[in-house]
Amino acid sequence: MIRGFGLLLAVLFCTCLGVHRENFRTCDQSGFCKRHRNLQPGTSDYVVQPSSLRLSKTSLMVDVINTKNNVRFLLQAYGLQHGIFRVKLVEAEPIRQRYEIPIGVTLVAEPEQVELVYQGESNGQLKFSLGDNQMVINVNPLRLDFLINNEPVSSLNAQGLLMFEHTREKRPTKEEADEGTNEEGAAEKEEEKPSDDEDDTGMWEETFKGFSDSKPNGPTSVGVDIAFPGFRYVYGIPEHADSFALKTTKSTDPYRMYNLDVFEYELYNPMALYGHIPFMVAHNDKHTVGVFFQNAAEGWIDIQSNIADKSVFSNLADFVTGNTDVPQTDTHWFFEDGIIDVFVLLGPGPKDVFKQYASLTGNTPLPPLWAIAYHQCRWNYNDQDDVRTVDQTMDKFDIPFDVIWLDIEHTDGKKYFTWDGSRFGDSVEMLRNLSSKGRKLVTIVDPHLKRDDNYEKYTDARNQGLLVKNKDGNDFDGWCWPGSSSWPDFLEPKVREWWADQFSLEKYQGSANNLYVWNDMNEPSVFNSPEITFPKDVRHLSGVENREVHNIYGMLVHQATWDGLLKRSGYKERPFVLTRAFFAGSQRSGAVWTGDNMGEWSHLKMTVPMMLSLNLAGIHFSGADIGGFFKNPDSELIARWYQAAIFQPFFRAHAHIDTKRREPYLLPEDHMIVARDAIKKRYSYLPYWYQLFYESETTGMPPMRSLWMEFPSETNVFEKDDQFMTGN
Ligand SMILES: *[C@@H]1O[C@H](CO)[C@@H](O)[C@H](O)[C@H]1NC(C)=O
């Protein structure tokens with residue numbers, strides 16, 4: 001077993017540089033991505049039935065029919081406080097309930113509804129107003145336009161790309177198969193007798209790199225196009241290693257959103273990374289608007305910036321007077337499962353959109369002051385003597401720091417919540433020594449539990465039935481750092497409570513109140529699985545497949561850890577927990593870093609657009625590994641990286657186990673002085689940072705800002721992502 005694992009690791013982590021692209025699906029290798037991407041703009045089959053309109057003071061409900069197959073849907077829309085519309089489209093009579101993310105996971109609370117005024121029906125349109133904003137539902141075909149003071153700023157299904165794959169039984173009955181008049185009947189018939197046409201395959205089973213995905217529920221995807229008339233630029237949908245202003249995806253894959261552990265990720269491409277937030281902002285010199293698509297499944301987003309096509313969008317273009325060259329950005333969003341649940345945030349300015357987004361998904365709680373100071377990390381500080389030496393040498397060189405970190409090697413055999421006794425036999429004394437100088441320790445706690453009968457966290461979770469299952473109903477068994485591992489099902493509140501309890505001083509032996517936590521590998525990373533994560537047909541305890549909830553798993557690990565530290569202090573102290581995987585709402589449990597970057601100038605440059613995207617999408621407490629995780633950067637790059645990072649929210653140096661030691665005092669003297677001056681400057685700015693985080697918590701305004709956030713009508717800065725603002 002051990003030898004097999006060694007071989008597996010050697011294959012996965014060969015020293016050759018560069019992402020193993022072949023480990024990750026392209027759109028062409030994903031059935032639902034292809035099905036949505038192959039749709040052509042045109043007249044939508046979805047039609048509203050206005051006679052079914054039901055109104056309440058704050059919402060409406062109306063039937064929608066797919067005229068191709070007569071499947072019925074319910075369109076619901078709500079007026080929400082601060083100028084937000086929420087639009088939900090669900091199947092009217094599903095065979096199987098679709099997953100909807102519970103309140104408290106992404107949404108901080110049930111959003112407060114406000115009066116939605118129905119202005120009546122005319123010219124085949126139902127008109128509503130919400131303060132200064134309007135929503136117009138075009139009946140045939142279904143299209144929803146959103147307007148600020150009668151000026152259209154966003155439109156759903158303007159291109160007619162809405163597709164909602166309704167729930168269905170795997171084997172059609174004889175009669176249904178004989179009917180064959182509707183699209184689905186035909187598709188199912190072809191399932192029985194596989195056709196040569198590749199686009200029809202993959203509805204009920206898919207294979208990727210020899211892994212089979214059982215897809216018991218068949219095709220379940222949802223998607224719709226969202227246009228931003230009048231906008232040349234859109235931003236957000238982190239995390240991608242790409243420019244801040246999002247690119248046209250005409251000649252690439254769409255931007256992918258599927259939390260993955262992408263080893264040695266490449267720059268400037270739309271591949272998925274560790275965390276995702278389906279929140280996009282469009283900005284022009286007059287308006288800023290946002291769209292939050294609440295869906296936890298794998299997603300892809302196509303983007304095209306055009307000149308508005310008046311033949312397709314005649315109704316929209318009517319609103320735009322004079323100018324014939326109206327820019328427009330067309331986006332197309334599709335997810336493998338779930339429902340259509342779109343929040344349209346109508347600004348009208350950047351500050352309004354950030355406030356609106358925070359009102360939905362919550363704020364970043366003010367971090368403890370030390371958490372925004374300097375963090376010294378490496379994989380690994382080898383033992384307690386190493387920790388003491390680093391601590392003392394930093395003092396000797398007069399380099400301030402507040403936190404030292406331990407990576408996976410500090411544990412007994414990668415069993416989290418334990419210590420390698422030969423190297424950290426006196427962890428409590430080590431913590432006390434750090435504490436005497438006001439310093440903290442962060443230890444890594446990953447969500448995979450070593451399947452070892454002598455490991456109490458594992459046996460406890462197993463015996464209580466808290467572990468994620470495979471498709472056959474047994475505890476899922478996958479490979480991660482400790483070898484054979486299982487994963488607690490963080491979707492269950494009782495599992496999160498169990499996890500939180502493990503952080504008490506009693507249960508986390510050898511810890512102390514100045515120990516804080518870092519959650520890594522929580523996408524989750526599974527070395528021997530398709531795309532290095534859970535197979536999609538892995539089962540959660542509630543019965544849902546991981547396919548339905550994949551992108552919120554890591555966030556729930558983070559939340560449960562946060563709760564654990566809160567609980568440990570009797571709800572008195574602000575916790576600190578760093579996470580690699582994240583989703584919309586992760587800001588409520590603290591810090592995020594951009595994962596395993598490289599010690600290269602290009603990666604230093606990339607920290608700016610990546611963090612601007614994170615800050616725009618509510619992840620304000622974010623940072624990149626100073627120096628770069630992989631490779632051996634030269635001392636000039638390290639010094640420059642410190643200089644840039646002092647103006648970014650989370651300030652931590654980190655390095656891979658195979659790199660040369662690079663604590664700042666090891667730099668040649670000239671660069672050591674540069675790095676030390678930078679770190680000292682960071683300390684001199686701490687009151688300003690603290691103030692910015694206070695502003696973040698109270699207003700939703702990100703501490704790290706693009707230029708347009710401060711200068712919204714300066715069109716020449718809309719594309720800039722090699723400069724940024726720290727506060728205003
Ligand atoms: C704690 O500090 C004392 C005094 O410097 C030192 O002798 C001892 O070895 C330290 N303990 C640990 C575990 O680092």
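Modeller: Two strands count as paired if DSSP finds at least two bridges between them. Keep in mind that this is a predicted model. Strand 21 (residues 375-376) and strand 22 (residues 403-406) are joined by two bridges and run parallel.

Biologist: Which residue in strand 22 is the bridge partner of Gln-376?

Modeller: Ile-404 is the partner of Gln-376 there.

Biologist: What is the order of the strands in the open sheet with parallel pairing?

Modeller: Strands of a sheet pair through backbone hydrogen bonds, either parallel or antiparallel. In this open sheet eight strands follow the order 30-29-28-27-23-22-21-31, and the pairing is parallel. Strand 30 (622-623) and strand 31 (652-653) are its edge strands, each pairing on one side only.

Biologist: Which strands does helix 12 touch where it packs on the sheet?

Modeller: Helix 12 (residues 553-568) touches strand 27 (515-519), strand 28 (577-579) and strand 29 (591-593). The direction of helix 12 makes about 175° with that of strand 27.

Biologist: Now the antiparallel case. In what order do the strands of that open sheet come?

Modeller: Its eight strands are ordered 1-2-3-4-20-17-16-14, with antiparallel pairing. Strand 1 (46-55) and strand 14 (233-236) stand at the edges. Each has a single partner strand, so one side of each is left without a neighbour in the sheet. On average, neighbouring strands of this sheet are turned by 20° against each other, direction ignored.

Biologist: How many bridges pair strand 16 with strand 17?

Modeller: Five bridges pair strand 16 (residues 279-283) with strand 17 (residues 288-293), in the antiparallel sense. To find one position in the two strands, look at Met-280, which stands opposite Val-291 in strand 17.

Biologist: Which strands does helix 6 lie across?

Modeller: Helix 6 (residues 350-361) lies across strand 3 (71-80), strand 4 (84-91), strand 16, strand 17 and strand 20 (340-345). Relative to strand 17, helix 6 runs at about 20°.

Biologist: Let us turn to the backbone. Which peptide bonds are cis?

Modeller: The omega angle is what to read. The bond from Asn-140 to Pro-141 is cis, with omega near 0°, and Pro-141 is found in the loop between strand 7 (133-138) and strand 8 (143-148). A cis bond also joins Trp-379 and Asn-380, where omega is about 20°. Asn-380 is in the loop between strand 21 and helix 7.

Biologist: And phi: which residues have a positive value although they are not glycine?

Modeller: Asn-150 is one of them, with phi of about 70°; its place is the loop between strand 8 and strand 9 (151-156). Met-521 has a positive phi of about 55° and sits in the loop between strand 27 and helix 11 (546-549).

Biologist: Last, the ligand. Which residues are around it?

Modeller: A residue belongs here if one of its heavy atoms lies within 4 Å of the ligand. Gln-384, Arg-388, Asp-426, Glu-429, Met-430 and Asn-433 are the residues around the ligand. The shell divides into one nonpolar, two polar and three charged residues. Helix 7 (384-396) and helix 8 (427-436) each supply at least two residues of the shell, and helix 8 gives the most, with three.

Biologist: Where do polar side-chain atoms of Arg-388, Glu-429 and Asn-433 lie relative to the ligand?

Modeller: A polar side-chain atom of Arg-388 is 3.1 Å from an oxygen atom of the ligand. For Glu-429, a side-chain N or O atom is 2.6 Å from a nitrogen atom of the ligand. For Asn-433, a side-chain N or O atom is 2.3 Å from an oxygen atom of the ligand. Taken alone, the ligand exposes 360 Å², and the protein buries 59% of that.

Definitions and conventions: Residues are numbered from 1 along each chain as its sequence is written. This is a predicted model: local features need pLDDT of at least 70, side-chain atom pairs count only at pLDDT 80 or more; totals for chains, interfaces and linings use all residues. Side-chain values use heavy atoms; hydrogens and water are left out. A polar contact is a pair of N or O atoms within 3.5 Å; within protein, one must be able to donate a hydrogen and the other to accept it, and residues adjacent in sequence count only if both atoms are side-chain atoms. Accessible areas come from the Shrake-Rupley method with a 1.4 Å probe; for residues, only the protein chains shown count as cover. Helices (H or I, at least four residues) and strands (E, at least two) are DSSP runs, numbered from the N terminus. Ala, Val, Leu, Ile, Met, Phe, Trp, Tyr, Cys and Pro count as nonpolar, Asp, Glu, Lys and Arg as charged, and the others, Gly among them, as polar. Axes are lines fitted to C-alpha atoms, for helices over the stretch in contact, and angles run from 0 to 180 degrees between N-to-C directions. Contact means heavy atoms within 4.5 Å.
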